[in-house]
Amino acid sequence: MSRRGLKTLGQLHSSEGQNEMPLALFLYVRSTKVVKALKCVKQDGLALQHASEELKGDREIVMEPVQQDGWALQYASEKLEGDREVVMEAVKQDGWGLQYAFEELKGDREIVIEAVKQYGRALQYASEELKGDGKVVMEAVKQDGSLLRYASEELKGNREVVMEAVKRDGRALQYASEELKGDRKVVMEAVKQDGSLLRYASEELKGNREVVMEAVKRDGRALQYASEELKGNREVVMEAVKRMAPCFNMLPRS
């Protein structure tokens with residue numbers, strides 16, 4: 001062991017009121033505890049929750065479980081929840097672990113990108129600044145379009161980000177800016193997946209024959225969201241009825 005290591009352990013020995021125990025014996029007892037703890041957390045990273053407060057603050061011990069399971073970060077000491085290297089290891093294993101990091105590290109772009117790459121939903125724990133970072137948000141919506149809900153208002157109005165989101169999940173349209181709810185290509189992408197998403201389109205597009213026709217082809221019930229003019233369009237209504245006919249045939253006859 002290095003002189004620095006001995007000094008650190010010696011300080012720990014004194015600070016814990018262990019002066020009555022010879023330093024050599026103290027070091028032996030501590031090393032035995034560390035070996036046992038390492039053995040446990042190697043078998044099950046979440047076993048860290050049962051460790052003493054002293055061992056939860058031991059960087060060597062904590063590093064082992066967070067490399068297995070990012071969730072284990074929640075059991076580390078506050079000091080280690082603010083340790084950049086420890087947190088990075090945790091989010092590499094499970095991006096969900098970002099929620100247990102210090103606020104400062106939730107604003108660390110490299111850590112947050114790593115977290116959302118591993119688990120897109122980690123975006124919700126990123127700092128407000130990074131929820132407005134195009135690369136971070138794009139990484140998240142590529143996995144799950146509904147994560148657009150956590151993006152900044154500015155990015156909810158970014159056509160490239162929103163288009164990617166609705167391609168992944170048409171329901172992301174509801175989180176888009178009012179301007180993009182009036183973007184024909186964006187809305188068309190959504191209603192091609194689920195006609196009922198016409199409900200989130202702008203009033204103008206609810207009166208667009210091509211958009212509404214696409215919506216009722218997917219789901220006849222989307223007709224209820226069409227403009228009054230298109231609710232009176234014979235071809236649109238016929239298409240909607242045709243799509244709903246199988247449902248009518250399943251109804252009990254009187």
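1. Buried here means under 20% relative accessible area. With that cut-off in hand, start at helix H10, residues 184-191, where Val186, Val187, Met188, Ala190 and Val191 are buried. Bear in mind throughout that this is a predicted model. As for what sits over those buried H10 residues, the cover includes helix H9 (159-168) and helix H11 (209-218).

2. The start of H10 has a detail to look at. A side-chain oxygen of aspartate 183 comes to within 3.1 Å of the backbone nitrogen of lysine 185.

3. Now the packing of H10 on H11. Two packed helices are described by the angle between their axes and the distance between the axes. For H10 and H11 the angle is about 10° and the axes are 9 Å apart. H10 therefore counts as roughly parallel to H11, because the cut-off for that label is an angle under 35 degrees.

4. Which residues meet across H10 and H11? On the H10 side they are Arg184, Val187, Met188 and Val191, and on the H11 side Glu210, Val211, Glu214, Ala215 and Arg218. Sorted by type, the contact of H10 with H11 has five nonpolar residues, four charged ones and no polar ones. Val187, Met188 and Val191 also appear among the buried residues of H10.

5. On to charge pairing. Side chains of opposite charge can pair when their charged atoms come close. The count for this model is 22 salt bridges, and a few of them are worth a look one at a time.

6. Glutamate 53 and lysine 56 form a salt bridge, with 3.7 Å between the closest N and O atoms. Both residues belong to helix H3 (residues 53-56), three residues apart, or about one turn of the helix. Are the two partners buried or exposed? Glutamate 53 is exposed, at 60% relative accessible area, whereas lysine 56 counts as buried, at 12%.

7. Aspartate 133 and arginine 109 also make a salt bridge, at 2.6 Å from N to O. This pair links distant parts of the chain, 24 residues apart: arginine 109 is in helix H7 (109-118), while aspartate 133 is in the loop between H7 and helix H8 (134-141). Aspartate 133 is buried, with a relative accessible area of 15%. Arginine 109 is partly exposed, at 37%.

8. Lysine 206 pairs with glutamate 203 in a salt bridge whose closest N and O atoms are 3.5 Å apart. Lysine 206 is buried, with 11% relative accessible area, and glutamate 203 is exposed, with 62%. Elsewhere, Arg59, Asp83 and Glu85 are joined into one network by salt bridges that share partners.

9. Last, glutamate 239, which lies in helix H13 (residues 234-249). What does the side chain of glutamate 239 join in a polar contact of 2.9 Å? The partner is the side chain of arginine 243. Glutamate 239 has 11% relative accessibility, so this charged residue counts as buried. Setting aside neighbours within four places in sequence, glutamate 239 is in contact with Met213, Val216 and Lys217.

Methods. Residues are numbered from 1 along each chain as its sequence is written. This is a predicted model: local features need pLDDT of at least 70, side-chain atom pairs count only at pLDDT 80 or more; totals for chains, interfaces and linings use all residues. Side-chain values use heavy atoms; hydrogens and water are left out. A salt bridge is a side-chain nitrogen of Lys or Arg within 4 Å of a carboxyl oxygen of Asp or Glu. Helices (H or I, at least four residues) and strands (E, at least two) are DSSP runs, numbered from the N terminus. Buried means under 20% relative accessible area, exposed over 50%, partly exposed in between (1.4 Å probe, protein chains only). Contact means heavy atoms within 4.5 Å. A polar contact is a pair of N or O atoms within 3.5 Å; within protein, one must be able to donate a hydrogen and the other to accept it, and residues adjacent in sequence count only if both atoms are side-chain atoms. Axes are lines fitted to C-alpha atoms, for helices over the stretch in contact, and angles run from 0 to 180 degrees between N-to-C directions. Angles under 35 degrees count as roughly parallel, over 145 as roughly antiparallel, 65 to 115 as roughly perpendicular and the rest as oblique.
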